[in-house]
Amino acid sequence: MPDLARPFRSFHPFRSLRGVPRRLAARRRDPVVVQSVRSTGAAVLSYVVALRLSNEPAPLTAPLTALLVVQVTLYSTLTTGVRRVNSVVAGVLVAIGFSVLVGLTWWSLGLVILASLVVGHLVRVDEFIPEVAISAMLVLGVTRVADTAWDRVLETLIGAVVGLAFNLLFAPPVWVEPAGRAIDDLAARMAALMTGMADELTGRTTVAKAATRLHEARRLDNDIAGVDAALRQAEDSLRMNPRVREGLMFRLVLRTGLDTLEICAVVLRVSARALTDLARARTDEPLFSPPVTRALQDLFGHMALAVHSFSRLITAQVTTNAEAQEERLARELGLAREARDRLADLLLEQLRTEPGQWQLHGALLADVDRVLDELDVDKRSQRLMEELDRHSRLRREGGTPMRRALRRARGVGGR
């Protein structure tokens with residue numbers, strides 16, 4: 001007799017809700033969520049303060065300025081906040097002057113925009129020059145109705161002060177984890193490309209297949225640009241952040257790691273081009289003999305694992321598994337070098353009977369040597385020490401980070 005109660009026992013209407021608290025706790029630490037909450041809180045707080053200090057019934061300029069000032073990172077707030085405030089205040093003053101003299105017409109709107117852009121260059125707000133005109137246009141539309149136009153300046157100052165104080169009291173999120181995930185994704189795509197190149201060596205490799213891998217290697221440039229943007233955001237979030245004690249080391253580890261992966265990507269693209277040229281030269285037969293193919297596949301496999309271990313090492317930062325990742329990287333590099341030596345011996349024997357492709361074979365071995373050299377543990381440590389020495393020297397020559405930030409804000413220092 002069938003159990004009619006079984007379907008009802010398997011149905012739990014609240015089972016799908018069991019993981020909700022855990023997911024909400026994870027999202028609470030998400031930098032995007034944290035930044036959204038911070039921006040909303042600063043805007044609302046500035047609006048409440050402006051309601052008490054301003055005569056305007058709806059002082060929206062204060063939350064607008066607070067949203068502009070509350071940047072993604074504390075470093076960008078201190079370096080660009082002054083220019084943002086100057087741009088908003090300059091736009092407000094230009095709009096007030098025009099509203100008092102001529103009001104809002106089609107020709108006065110054009111004059112306001114032109115004057116705002118000129119004033120933006122004069123006060124040296126750099127990339128925030130369009131915000132001078134935007135602020136002027138927003139204020140010009142409301143100051144005809146408002147009886148106290150100077151309250152807009154007060155609202156702007158309130159929003160700026162609240163935004164700066166909010167960033168000082170509630171430190172912005174650290175964007176290291178998103179940058180680490182971006183680096184891991186880049187290394188995973190590079191490793192997958194190496195594995196795909198090794199798999200296609202079995203049998204006869206057509207020119208179309210080799211060209212497809214070459215296009216994939218060229219597309220890595222776009223991936224590197226995206227990772228670089230994420231890394232710049234992470235670097236800014238680590239500067240002057242009171243929650244991070246070793247921000248300089250974190251920045252250098254991530255930046256030097258990305259530089260290494262970028263070099264490896266360039267070399268990988270050259271290797272894919274060499275295999276494509278070899279496929280064009282050997283259209284009716286395999287690219288290599290079976291022993292050479294197996295050795296090359298073994299080499300590409302260890303190189304793919306080494307790239308993955310390298311990315312895990314640089315994203316591990318100073319956690320307990322960093323030493324394990326370093327040992328794994330050293331082991332994979334050792335196996336890759338052994339496979340490289342076997343491949344070199346086999347290619348030398350093949351070149352004695354088929355010397356026509358020695359240039360491509362030599363270029364392939366040279367590319368492998370470059371990748372293994374870039375991923376080397378000792379070279380990575382040496383590169384970190386050099387970067388630390390360079391930053392220490394620049395810090396001694398350039399003063400404290402706060403002083404350099406103020407110079408940038410005033411437009412005295414270079415970018």
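The exercises below, each with a worked solution, concern a predicted model.

**Exercise 1. Decide whether Asp378 is buried or exposed, and place it among its charged neighbours.**

Solution. Begin with the surface, where Glu323, Glu326, Glu327 and Asp378 gather in a patch of negative charge. Next, assign the elements: helix 13, which spans residues 322–353, gives the most to this patch, with three residues, while Asp378 is found in helix 15, residues 377–398. Finally, compare the accessibility with the cut-off: exposed means over 50% relative accessible area, and Asp378 counts as exposed because its value is 59%.

**Exercise 2. Find which helix gives the most to the nonpolar surface patch, and describe the setting of Leu104.**

Solution. The patch is formed by Leu64, Leu104, Leu109, Ile134, Met137 and Leu138, which together have about 460 Å² of accessible area. Helix 7 (residues 129–143) gives the most to the nonpolar patch, with three residues. Leu104, by contrast, sits in the loop between helix 5 (74–101) and helix 6 (106–122), and with a relative accessible area of 38% Leu104 is partly exposed.

**Exercise 3. Identify which residues touch the most other members of the largest nonpolar core, and which helix gives the most to this core.**

Solution. The largest nonpolar core has 66 residues, and of these Phe288 and Met303 touch the most other members. Several helices each supply at least two residues of this core, including helix 9 (176–199), helix 10 (207–238) and helix 12 (290–315). Helix 11 gives the most, with 13 residues. As background, nonpolar side chains tend to be buried together in soluble globular proteins.

**Exercise 4. Work out which parts of the chain are linked by the salt bridges of Arg269, Arg337 and Arg340.**

Solution. Take the pairs in turn, bearing in mind that the count for the model comes to 18 salt bridges.

- Arg269 forms a salt bridge with Asp221, with the closest N and O atoms 3.1 Å apart; this pair links helix 11, which holds Arg269, to helix 10, which holds Asp221, across 48 residues.
- Arg337 forms a salt bridge with Asp376, with the closest N and O atoms 3.0 Å apart; because Arg337 lies in helix 13 and Asp376 in the loop between helix 14 and helix 15, the pair ties together parts that are 39 residues apart in sequence. Arg337 is partly exposed at 31% relative accessible area, whereas Asp376 is buried at 18%.
- Arg340 and Asp369 meet through their side chains in a salt bridge of 2.9 Å, N to O, which links helix 13 with helix 14, the two residues being 29 residues apart.

Note on methods
Residues are numbered from 1 along each chain as its sequence is written. This is a predicted model: local features need pLDDT of at least 70, side-chain atom pairs count only at pLDDT 80 or more; totals for chains, interfaces and linings use all residues. Side-chain values use heavy atoms; hydrogens and water are left out. Patches are made of residues with over 30% relative accessible area and no salt bridge: like charges are joined within 9 Å, nonpolar side chains (Val, Leu, Ile, Met, Phe, Trp, Tyr) within 5 Å. Accessible areas come from the Shrake-Rupley method with a 1.4 Å probe; for residues, only the protein chains shown count as cover. A salt bridge is a side-chain nitrogen of Lys or Arg within 4 Å of a carboxyl oxygen of Asp or Glu. Lys and Arg count as positive and Asp and Glu as negative; His and the chain ends are not counted. The place of a charge is taken as NZ of Lys, CZ of Arg, CG of Asp or CD of Glu. Helices (H or I, at least four residues) and strands (E, at least two) are DSSP runs, numbered from the N terminus. Buried means under 20% relative accessible area, exposed over 50%, partly exposed in between (1.4 Å probe, protein chains only). A nonpolar core is a set of buried Ala, Val, Leu, Ile, Met, Phe, Trp, Tyr and Cys residues joined through side-chain atoms within 4.5 Å.
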